[in-house]
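The exercises below are meant to be worked with the sequence and the coordinates side by side. Try each task before reading its solution.

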Amino acid sequence: MCVKDKNMNDGPLKGLLVLDLTRVLAGPYCTQMLGDLGADIIKVERPGGGDDTRGFAPPFVKNDNGEDTDLSAYYCGANRNKKSITINLSEKEGQDLVRKLLSDCDILVENFKTGTLEKGIKENNDILDDDLTIIGIGK
């Protein structure tokens, strides 16, 4: 497991809920900083492999016995202070679940290729209310 800051929920963003639909580096680093500042982060990863950077190794994170785990140091370097879940965004059921999660979130951060969000979870504009902040990385 990646290191969690013991004070992760005590910062100025305490009480904000962020849905993290990012991968690789820029997006995960952005949401990690939001988590460092106290926001609660829900990172959505794909089933069967998660974020691509879980496999960017060696080096791997060591467990308490000094043995390699399946987590790359690179992945943990950009995903501290997050709760991860897996959702298949290519399936309607997964898209519906993300829409449901968004109804409780304050911020959505994504770094999909241009048009991907619009084709998937954003098909119904009613989920994007005035209280949701959307951050698109690399657009």
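A residue is called buried when its relative accessible area is under 20%, exposed when that value is over 50%, and partly exposed in between. The coordinates come from a predicted model, and every value below is computed from it.

**Exercise 1. Describe the overall build of the protein chain, beginning with its helices and strands.**

Step 1. The protein chain has four helices and seven strands, and their order along the sequence reads β-α-β-β-β-α-β-α-β-α-β.

Step 2. Of the 139 residues in the protein chain, 36% are buried, while the chain as a whole exposes about 8,000 Å², with carbon and sulfur atoms supplying 52% of that area.

Step 3. If one takes the contacts between residues at least 6 apart in sequence, 65% of them join residues at least 24 apart.

**Exercise 2. Decide whether Cys105 is buried or exposed, and state how many disulfides the structure contains.**

Step 1. Cys105 has a relative accessible area of 7%, and because this is under 20%, Cys105 is buried. Cys30, at 17% relative accessibility, likewise counts as buried.

Step 2. A disulfide is a covalent bond between the sulfur atoms of two cysteines. With a cut-off of 2.5 Å between cysteine sulfur atoms, the count comes to zero disulfides.

**Exercise 3. Find the aromatic pair in the structure and classify its geometry.**

Step 1. A search of the whole structure finds one aromatic pair, and its members are Phe56 and Tyr74, whose ring centres lie 5.2 Å apart with 55 degrees between the planes.

Step 2. Stacked planes are under 30 degrees apart and edge-to-face planes over 60, so an angle of 55 degrees makes this pair tilted.

Step 3. Phe56 belongs to the loop between strand 2 (40-45) and strand 3 (60-62), whereas Tyr74 lies in helix 2 (residues 73-77), so that the pair links parts of the chain 18 residues apart.

Step 4. Both rings belong to partly exposed residues, Phe56 at 39% relative accessibility and Tyr74 at 33%.

Step 5. A further aromatic contact involves Tyr75, over whose ring the charged end of Arg54 sits, 4.3 Å from the ring centre.

**Exercise 4. Compare the surroundings of three salt bridges, taking them from the 10 in the structure.**

Step 1. Side chains of opposite charge can pair when their charged atoms come close. Lys82 and Asp20 meet in such a salt bridge, at 3.0 Å from N to O. Lys82 is in the loop between helix 2 and strand 5 (83-86) and Asp20 is in strand 1 (residues 17-21), 62 residues apart; Lys82 is buried at 7% relative accessibility, and Asp20 is buried at 0%.

Step 2. Asp52 and Arg23 form another salt bridge, with their closest N and O atoms 2.5 Å apart. Asp52 lies in the loop between strand 2 and strand 3, and Arg23 in the loop between strand 1 and helix 1 (26-36), 29 residues apart. Asp52 is partly exposed at 27%, as is Arg23 at 42%. Arg46 joins Arg23 and Asp52 in a network of salt bridges.

Step 3. Asp96 and Arg99 form a salt bridge with a closest N to O distance of 2.7 Å, and both lie in helix 3 (residues 92-102), three residues or about one turn apart. Here Asp96 counts as partly exposed at 31%, whereas Arg99 counts as buried at 9%.

Technical notes:
Residues are numbered from 1 along each chain as its sequence is written. This is a predicted model: local features need pLDDT of at least 70, side-chain atom pairs count only at pLDDT 80 or more; totals for chains, interfaces and linings use all residues. Side-chain values use heavy atoms; hydrogens and water are left out. Rings of Phe, Tyr and Trp (its six-membered ring) pair if their centres lie within 6.5 Å; planes under 30 degrees apart count as stacked, over 60 as edge-to-face and the rest as tilted. Helices (H or I, at least four residues) and strands (E, at least two) are DSSP runs, numbered from the N terminus. Buried means under 20% relative accessible area, exposed over 50%, partly exposed in between (1.4 Å probe, protein chains only). A charge sits over a ring if NZ of Lys or CZ of Arg is within 6 Å of the ring centre and within 35 degrees of the ring normal. A salt bridge is a side-chain nitrogen of Lys or Arg within 4 Å of a carboxyl oxygen of Asp or Glu. Contact means heavy atoms within 4.5 Å. Accessible areas come from the Shrake-Rupley method with a 1.4 Å probe; for residues, only the protein chains shown count as cover.
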